[in-house]
Structure formats: structure tokens, C-alpha cells
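Q: Could you take me through one part of this model in close detail? I'd like the five-stranded sheet and its surroundings, and then whatever else helps to place it.

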Amino acid sequence: MPESVLTRPEVFQRATIPILSADQLTSAAAGSLEEARQRLTAIETMPLESVTAAGVLDAWDETSIALEDAFGPISLLNSVHPEREVREVADRALIDESVFITELFQNEALYQRVLRVDPQTPAQTQLRKDLLEAFEDSGVSLPPERRRRFKEISERLAELAQEFARNIRENTTTLRFTPEECEGLPAAYLERVRRDAEGNIVVGFDYPDYLPFMMNVVSGEARKRYYVANTNRGTARNIEILDEIVALRREIAGLYGVPSFAHYVTKRRMVENPETVTQFLAEVKSVVTDAEVRDLRQLAAVKAGITGEPVETAKIERWDVMFYRERLREQRYDVDQEALRAHFPTPPTLRWLLDISERLYGLRFEAATVPVWHEDVLYLDVRDAGSGQLIGGIYVDLYPREGKYKHAAAWPVRGVSLRAGRKPISVLVANFDRNGLTHNELETLLHEFGHVLHGVLSQTQYNQHSGTSVERDFVEAPSQMYEEWASRIESLELIRTHCSTCPPIDEPLVGRLRAAKKFGAGIDYGRQHLYAAFDMALSGEHFGKCLELWREMEGSTPMGHVEGTAFPGTFEHIASGYAAGYYGYMWAKVIALDLISAFGPDIMNSNIGRRFREMILSRGSEEPARDLVERFLERPVSSEAFFREITGG
Ligand SMILES: [Zn+2]
């Protein structure tokens, strides 16, 4: 056995992400798999009678760390490295890792040794349970022929998910709009975007191009063209890929003799079975359609007012929603998203976010110079304010560039292990405008930072339990909870500390922001419900071709389906890990809204913040999420706040 990590002095210092070249990446991946293989062989060859909990589980933790040391950074660089070659080499390495993991959880000798473990601590009990479930879910107890097929399918699914993501990430399609079609766009936008020789603007699918366009361009025709193109950005190939993915998942359910892929997945989630999801979605549906129709009627009135058509015939199309929603926000609440960028300039807003997180959770962030993958990237040490101890590190990569991941997300590149003295690292990746954020974007920033904190503040014995490794239908609760800090005076008024020239934020403005945000909950949750229901249908017993099913399901919503659109080709969540899990956003939102209530009237209450850090964030998945949440709330979860949010009551 290699010596314990505890004897390696460097782990007590700052950990950083290695910025690998293509060659270094390939050899890091190979080296890591080799080390993991050796460590597993040591477990595999332990005599059964001398199996101890610490012997097996500590060695397992070392294996997990050896894999994460290489594949944590590789998984990130796959989505953010400026060189295409590195991103591509990372694709291959991640497939090798995925094959390795399936094989290891099909290994009977390892299974027998984990089975023999007699846990001595609650963390060991939980880890043994998690590992045994992973063995079962990877087919260790299936007959050899089925086990072999499961492995083939897993490898193919990993390849397909990568190709799906790549087709979106590497899509360099541009659209051109004439100066007339640009009417309504903010001056800052028009100054920033590219132009061709004829003076047309040239835009792509990055958020800073797309969102302000949809929110501000007067021409419905121009917005329609951009909208349709944007839903096709996954390319026709992604529709084929998704169909193949769905069929393969169905086959996995068959190998296990369960009725659907949703059954296979949900048994490891908070909900435990698909019926609970179906019932939850039915409850949402029972209130959301009326709320959506009510919202659309109000937008139609705004449209009639602007276009002069009679309100009875004014119809809100999908490419109208953002535009008229902004007009309604301006008219009714005096909230102009573009003007809000002056309130939330990007760099000071990041400093504000660090500040409120320091106050709330008792932390200190200190910028330091370390190697980064692009000059825009910042690194910060995370310290405990009380003890001054180094907890871990975070990286922040905020602006779009070619070939970079297109959404906002947090990467838990490195998980904690108290046992091994291992410091965690999380990375925030987004695509913001350099000059400032809208209120929606401010919420996105807080949301992703919620994941970052969950990753970096966890203090679990084992690496496998670190931060965001919680149940998939709980993982969005801390992040959705943190969105609320974008809409409260107690937190927002602190922004002046970081930007003395910014327009002041006062009670009336926050009140208007909240009201403007509240409007459209029917439309938003209608969409969330559709995504979740579509995902469950594709993972269910009676699935069909994804595009046909989508047309039918979207077609039966109040706004209907737009001919020529192909949303499923862009639905990265369900092509990868969120399959039969998209409902988790709303499920976790129920919990998030309930958690907020625990903060009472002062959302900057640091006593509650510390309590949250200690009882939820630091606990990772060492215990089931339900137990953690109920202990924090001192009662069962209530869905009251969630349904109130949809209905606007
Ligand atoms: Zn999230």
C-alpha cells in the first residue's frame, strides 16, 4: 500500500488546480487510473476474515482521492480550457474514467469485502450503504451476460452525453440582424457586439448576446428568428443522440427487471419512487396552468397597449414572453433590467457576494496568485474567520469566450476528506456581461455560489460524502435558497460598501424588484413543470421519440409548440446526470423556500447562517438530506411557501 496521505505534508497547504496541456492531461489520467487500480487490488486481495471497516473504507477513500486528483480538474478543463485540443483529449480521458468506475463497481471481490465491513461510525455506516448501492446499480449481482451489456451501455451513454454537450458548446453559428431589426437594443449592447461590412450585427448563442436581444428588440419577427435558431443550437444530431440515450436507458431498466428507467433512478433519491414524483407534479399542475394563463393574459394586455391590436386577439408567442415581461416590469414596477446593470457592476458585485458570504457564514476570502486557465479567472483562499484556518479554495470564471461552457454552473473539482487532511476546491463558471448584471443574473450568481459554498464548506470524513454529493433532488436546495439574498434589503444595501458610485438601493427599489420578480411565476413554473414532466415521460414506461413527445407535450400547454423549434436537442440536463431528476429543481425549491423561513425577518442573521453552515453545508451526504433538513428546521418540510410562490398568494 502507498503511504497514507496524512504523512504527505503538502496536503495541509493550499491545493490548486493543475492547468494541464493535452499531453499532461493524458498522462495524468493514465497515472491516476493506474494508482487507483493498485489501491483497489490491495482491497481485493485482503483476506475476507481480516476485513476491517477502516481497512476497506480508508483504502476506498484513497482510491477516490487518486481518481479525483486527475479527473476533477479534467472534468473542469473539458468545459473551460481555451484550447480545443485540451477539451477534446479530456473527452477521451473522461470516457476511460467512466469505464473504470463501471468495472470497479462490477468487481465481485471488492463487493464481498465492502459487504463484510462492520461499520464503527455513522460515516462508515453511510459510506458502506452508498458503496453497496453503487455496486447494485452497476450490475454486480446481475448474471454475467447482463453485467457485460450494462457495461457496454454505460460506456456508450458517457460518449453520447459528451457528444451532446460538445455539439452545443462548440456551436459557432451566428445570426445577422439589420440596424432596423435592432430597434430597442441598449446602446451598450450595440457598441459591444460585432458587425459585418453591411453594418448588420453578428450574434451567437452566448447569454450576453441572446438574452438582452429577446428582452429588448421591438421586432417580433427578429425575435422569432433568433428564438427558433436558439432552440436548434444543439443541431439535429442531438435529437438522434437523445433518442439513442433514452432507448439505452430503457434497456438498463430491462436488465434490472424494473418497469422503467425512472424506477431505477428514483430509488436512490429523496422521493424513493416515480409515483411520488408523479403525484408531486400533479399537485404542481393543478395550480400552475391557471397561474400561467393569468400571467399570459396580463402580458397580452401589455402587448395590445403597445401594438394597438385589440386585447382579445393579442396573443403572446414564446418569443414575446421576455420582451413583454420586461415592458410590464417597466410599466408596472418601474424596473428596467438593463438599467439595473448600473446597480450591479460585475466586479464589485462579486466582491459584495464574497462579503455577504463572509458575514453570514463566518468566512474570509483572500485573493491569491495561482496558475489559471485564462486571464479572466480569479482564485481565492477560503478561511474560517474565527480560527483563521485555511478551509479550501475557489476559482471564479465569469465571462464568455469561444468553446467555453455556455451556462452557469459550479464544478466541485476537489472534495474534502477530513480523514486524509484534504482541502476542497470549487469553481464557479458563468457567462456574464463584463459591465454589469441584471437582477436575474444576480440571482444566477448567488445560485451558483450556493453550490460553491456547499462544495467548499463541507467537512466530511470521507471524500465520497463531500459537499454537493448529496441526493440529486436535494442538491439544488442550498443554491436556490441563496437566490433570495438577491432580493432583500439587508443583503443588497451592503453593495454600496463595494461600489460608492453605484446608484443607491433602498427599500422601495427592493420592493419593486421583488414584485417584478414575482410576476411571471405562473409562466416560469409552467415551464419547469413541462421540463420535469417531459423528463419523467422520457424515463417512464411509455416513452416515444423525444421530438414527437416534446411537440405533443409542449403543444398542450397554453402557449403551444412553435413549428421548427427543437428544444430537446439543447436539454443538456437530461442527456447527462439529471435524467428522471429534473423534477428535483422544484422538489428542492420546496425545501429551499422552507429553509429561508428559518432565517426569519433578517436574512443576514449570522447565527442562523453559522447554524446552516454547520448543520447542512458542512455535512455533505454523510447523512440523508431529509434528516439534515428536519434537524435544522426542527420539524418536517412544508410545501406551503412553494405553492404560495406559484399562485402568487
Ligand atoms: Zn444549480
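A: Here's a walk through the sheet, strand by strand, followed by the zinc site and a few other spots.

Keep in mind that this is a predicted model. The sheet is an open one with five strands in the order β4-β5-β6-β8-β7, and the pairing is mixed. At the edges stand β4 (363-367) and β7 (409-414); each has a single partner strand, so one side of each is left without a neighbour in the sheet. Ignoring direction, neighbouring strands are turned against each other by 25 degrees on average.

Start at the β4 edge. β4 pairs with β5 (residues 378-384) in the antiparallel sense, over five bridges. If you want a register marker for that pair, take E366, whose bridge partner in β5 is D381.

Next comes β5 against β6. These two also run antiparallel, and six bridges join them. Y379 stands opposite Y395 of β6, which gives you a marker for this pair too. β5 and β6 form a hairpin with five residues between them, and G388 in the turn has a positive phi of about 75 degrees.

On to β6 and β8, where the sense is parallel: five bridges join the two strands. Y395 turns up again here, because its bridge partner in β8 is V427. Put the two Y395 pairings side by side and you have Y379 opposite Y395, and V427 as the bridge partner of Y395 in β8.

How buried is β6? Eight of its eight residues are buried, so β6 is largely enclosed by the rest of the structure.

Now for the helices that pack on this sheet. Helix α15 (residues 346-361) touches β4, β5 and β6, and its direction makes about 150 degrees with that of β4. Helix α2 (residues 53-80) packs on the sheet as well, touching β6 (390-397), β7 and β8 (425-429); the angle between the directions of α2 and β7 is about 155 degrees. So β6 is touched by α15 and also by α2.

A residue worth a visit while you're here is R169. You'll find R169 in helix α6 (residues 144-169). Its relative accessible area is 8%, so R169 counts as buried. Leaving out residues up to four places away in sequence, R169 touches N78, S79, R87, D91, G403, K404, Y405 and K406.

Then there's the zinc site. The zinc ion is coordinated at 2.1 Å by H447 (NE2), H451 (NE2) and E476 (OE). Along the sequence the donor residues are spaced H-x3-H-x24-E. H447 is in helix α16 (residues 439-456) and E476 is in helix α17 (residues 476-482), so this pair, 29 residues apart, links distant parts of the chain. Both H447 and E476 are buried.

What about the cysteines? The disulfide count comes to one, and the bond joins C499 to C502 with an S to S distance of 1.9 Å. The torsion about that S-S bond is about 85 degrees, so the disulfide is right-handed. Both ends are buried: C499 has a relative accessibility of 8%, and C502 has a relative accessible area of 3%. Two other cysteines are buried too, namely C182 at 6% relative accessibility and C546 at 0%.

The model holds another open sheet, with three strands in the order β1-β3-β2 and antiparallel pairing. Its edge strands are β1 (175-177) and β2 (194-195), each pairing on one side only. β2 and β3 (residues 201-203) pair in the antiparallel sense over two bridges, and V202 in β3 is the bridge partner of R194. Helix α9 (residues 220-231) packs on this sheet, where it touches β1 and β3; the direction of α9 makes about 175 degrees with that of β1.

Last stop, helix α24 (residues 606-615). Buried residues in α24 are I608, G609, F612, R613 and M615. N605 caps the N-terminal end of α24, with a side-chain oxygen 2.9 Å from the backbone nitrogen of N607.

Key:
Residues numbered from 1 in each chain as written. Predicted model: local features only at pLDDT ≥ 70, side-chain atom pairs only at ≥ 80, totals over all residues. Heavy atoms only, no water. Helix = DSSP H or I, 4+ residues; strand = E, 2+ residues; numbered from the N terminus. Buried < 20%, exposed > 50% of the residue type's maximum accessible area, 1.4 Å probe, protein only. Contact = heavy atoms within 4.5 Å. Axes fitted to C-alpha atoms, helices over the stretch in contact; angles between N-to-C directions. Polar contact = N/O pair within 3.5 Å; in protein donor to acceptor, adjacent residues only side chain to side chain. Donors = N, O, S within 2.8 Å, 3.2 Å for Na, K, Ca; no water. Disulfide = S-S within 2.5 Å.
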